[in-house]
Amino acid sequence: MAVNQNYPIPEGTPDSAKAPLAVEEISAVDALLLCRHKRIQLLSKARDQRVQVELYRQLQFFSSRLPAELAALEPLEFYTPSVTRGDERARSLQTFWTVVQALLAQGHAINHAHNPELLALNLPQLRSLLANPPYQILIDREMHRALRVSDVPRFIGEKKVHSVVTGKSSHCWVFRLAGTWR
């Protein structure tokens, strides 16, 4: 293997190095590569778009100082985190609550609670209502998980409720209403 003057190969095997490198042993290229690697790590975790743009600008700066064979840089989208399952869950939960509010505003009898501060939803009833156009919202295990951690309205639990809709006992998911929900 040819020795590159910009990137010298240290003596011995990588496993034999027990002590960290001294400052004199770190070349300028190595330092730039370390800085660049750190920016890539930060960029892969950043959620805020302004932070992502600033980190990518720094990444471009460090890459522009490297030799051409080491300076290749992917587009910003390559380094930024993709949409996570949590993000998808939050969006689907927000859509779900927007539709539930719309159904309540339209006068649909979906709240089985006697208490005006509570929202008691019978999910099988709601599932049949939301499965059709224009809503087409799937109430599956993922939605159940999202509903269990819902903050607004806050999930209280699954309970048997004496329904104001049917006049019978009904298994419902109960939520405490707050703020704009009242």
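Me: Which residues of H1 meet which residues of H2 in this predicted model?
Reply: In this predicted model, Leu32, Cys35, Arg36, Arg39, Ile40, Leu42 and Leu43 of H1 meet Gln52, Leu55, Tyr56, Gln58, Leu59, Phe62 and Ser63 of H2.

Me: Why are H1 and H2 called roughly antiparallel?
Reply: The axes of helix H1 (residues 28–45) and helix H2 (residues 49–64) cross at roughly 160° and come within 9 Å. Angles over 145 degrees count as roughly antiparallel, and H1 and H2 are therefore roughly antiparallel to each other. The crossing in which H1 passes H2 is left-handed.

Me: What makes the pair of phenylalanine 61 and phenylalanine 62 edge-to-face?
Reply: The two ring centres of phenylalanine 61 and phenylalanine 62 are 5.5 Å apart, with 70° between the planes. Rings pair if their centres lie within 6.5 Å, and planes over 60 degrees apart count as edge-to-face, so both conditions are met.

Me: Is phenylalanine 62 buried or exposed, and how is phenylalanine 61 classed?
Reply: Phenylalanine 62 has a relative accessible area of 13%, and because buried means under 20%, phenylalanine 62 is buried. Phenylalanine 61, with a relative accessible area of 39%, falls between the limits of 20% and 50%, so the term for it is partly exposed.

Me: Why is the pair of phenylalanine 155 and tryptophan 173 called tilted?
Reply: The ring centres of phenylalanine 155 and tryptophan 173 are 5.4 Å apart and their planes stand at 50°; planes under 30 degrees apart would count as stacked and those over 60 as edge-to-face, so this pair is tilted. Phenylalanine 155 belongs to strand E2 and tryptophan 173 to strand E3, so the pair ties together parts that are 18 residues apart in sequence. Both phenylalanine 155 and tryptophan 173 are buried, and the two are members of one aromatic cluster with Phe96, Trp97 and Phe175.

Me: How do you know that E1 and E3 pair, and what makes E1 and E2 edge strands?
Reply: Strand E1 and strand E3 (residues 169–176) are joined over 4 bridges in the antiparallel sense, and because at least two bridges are needed for strands to pair, E1 and E3 qualify. Leucine 119 stands opposite phenylalanine 175 in E3. The open sheet has 3 strands in the order E1-E3-E2, with antiparallel pairing; strand E1 (118–121) and strand E2 (154–162) each pair on one side only, and are its edge strands.

Notes: Residues are numbered from 1 along each chain as its sequence is written. This is a predicted model: local features need pLDDT of at least 70, side-chain atom pairs count only at pLDDT 80 or more; totals for chains, interfaces and linings use all residues. Side-chain values use heavy atoms; hydrogens and water are left out. Helices (H or I, at least four residues) and strands (E, at least two) are DSSP runs, numbered from the N terminus. Rings of Phe, Tyr and Trp (its six-membered ring) pair if their centres lie within 6.5 Å; planes under 30 degrees apart count as stacked, over 60 as edge-to-face and the rest as tilted. Buried means under 20% relative accessible area, exposed over 50%, partly exposed in between (1.4 Å probe, protein chains only). Axes are lines fitted to C-alpha atoms, for helices over the stretch in contact, and angles run from 0 to 180 degrees between N-to-C directions. Angles under 35 degrees count as roughly parallel, over 145 as roughly antiparallel, 65 to 115 as roughly perpendicular and the rest as oblique. A crossing is left-handed if the near helix is turned anticlockwise from the far one by less than a right angle, and right-handed if clockwise. Contact means heavy atoms within 4.5 Å.
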